[in-house]
Amino acid sequence: MMKDLVKERIVAYRERNRILAAMGYASYEAYRCSALWRGVRAKVLAVNPFCYVCNGNAAEVHHAKYRKIDLEGRCLNFLYPVCRGCHGKFEFRNDGAKLSPKRASHKMQLLRTLKRTPPFPSHVVEKGRKR
């Protein structure tokens, strides 16, 4: 199972790097420093300045997919505005290893559900019985 997750991560980031190289970027860091990424990021945050997970102020953008159309900002459907705290929680495993985009996005959805689920009504929790 762990080997499959590692392989999935390696394949996903290798493909991202291949696309970025074809776009003329030497690395993901070079892309993130580019005017293209600054424009894409600004566009995503202008559409929704709130964190997709906790509804706080978003400062970062999460790539759920690394297709060329996403990296170029021609499709924003898989780019999510997030706050730094939430991004760190779902982007990495507990041991600090980076997750694949697919796994990170799945974890992001789980965190969103947990953060946005209202607490149980007091009559359900109180002494384990209904009023």
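Mentor: Before we start, one term: a helix crossing is right-handed if the near helix is turned clockwise from the far one by less than a right angle, and left-handed if it is turned anticlockwise. Keep in mind, too, that this is a predicted model.

Trainee: Thanks! How many helices and how many strands are there in the chain?

Mentor: From the N terminus on, the elements run α-α-α-β-α-β-α-α-α. Reading along that order, you meet two strands, and the helices number seven.

Trainee: What is the handedness of the crossing where α5 passes α6?

Mentor: Helix α5 covers residues 84–91, and α6 covers residues 101–116. Their axes are 8 Å apart. With the clockwise rule in mind, the crossing of α5 past α6 is right-handed.

Trainee: Which word describes how α5 and α6 lie to each other?

Mentor: The two helices pack at an angle of about 125°. Roughly perpendicular ends at 115 degrees and roughly antiparallel begins over 145. The angle of α5 and α6 falls under neither heading, so the word for the pair is oblique.

Trainee: How many charged residues are there in the contact of α5 with α6?

Mentor: On the α5 side, the residues are C86, K89, F90 and E91, and they meet A104, K107, M108, L111 and K115 of α6. By class, this contact has five nonpolar residues and no polar ones, and the charged residues number four.

Trainee: Is K102 in α6 buried or exposed?

Mentor: K102 has its place in helix α6, and its C-alpha is 9.5 Å from that of H63, although the two are 39 residues apart in sequence. Exposed means over 50% relative accessible area. K102 has 58% relative accessibility, so it counts as exposed.

Trainee: And L114, buried or exposed?

Mentor: L114 is also found in helix α6. In space, the C-alpha atoms of L114 and C54 are 9.3 Å apart, with their positions 60 residues apart in sequence. Since the relative accessible area of L114 is 65%, this leucine is exposed.

Trainee: Which element gives the largest share of the largest nonpolar core?

Mentor: That core has 15 residues, and L20, Y31, V61 and L71 have the most contacts inside it. The elements that give it two or more residues are α1, α2 and α3. The largest share is four residues, and these come from α3.

Trainee: How many residues are in the other core, apart from that one?

Mentor: Nonpolar side chains tend to be buried together in soluble globular proteins. The other core includes Y80, V82, F90 and M108. Its residues number 13.

Trainee: Is C75 buried or exposed?

Mentor: C75 sits in the loop between α4 and β2. Leaving aside neighbours within four places in sequence, C75 is in contact with R67, I69 and D70. The cut-off for buried is under 20%. At a relative accessible area of 12%, C75 is therefore buried.

Trainee: What is the phi of N55, which is not a glycine?

Mentor: N55 lies in the loop between α3 and β1. With a relative accessible area of 46%, N55 is partly exposed. Its phi is positive, with a value of about 70°.

Trainee: Last one: what percentage of the residues of the chain count as buried?

Mentor: We have met C75, which is buried, and K102, which counts as exposed. Of the 131 residues of the chain, the part that counts as buried is 32%.

Notes: Residues numbered from 1 in each chain as written. Predicted model: local features only at pLDDT ≥ 70, side-chain atom pairs only at ≥ 80, totals over all residues. Heavy atoms only, no water. Buried < 20%, exposed > 50% of the residue type's maximum accessible area, 1.4 Å probe, protein only. Axes fitted to C-alpha atoms, helices over the stretch in contact; angles between N-to-C directions. Parallel < 35°, antiparallel > 145°, perpendicular 65-115°, else oblique. Contact = heavy atoms within 4.5 Å. Nonpolar A, V, L, I, M, F, W, Y, C, P; charged D, E, K, R; others polar. Core = buried A, V, L, I, M, F, W, Y, C linked by side-chain atoms within 4.5 Å.
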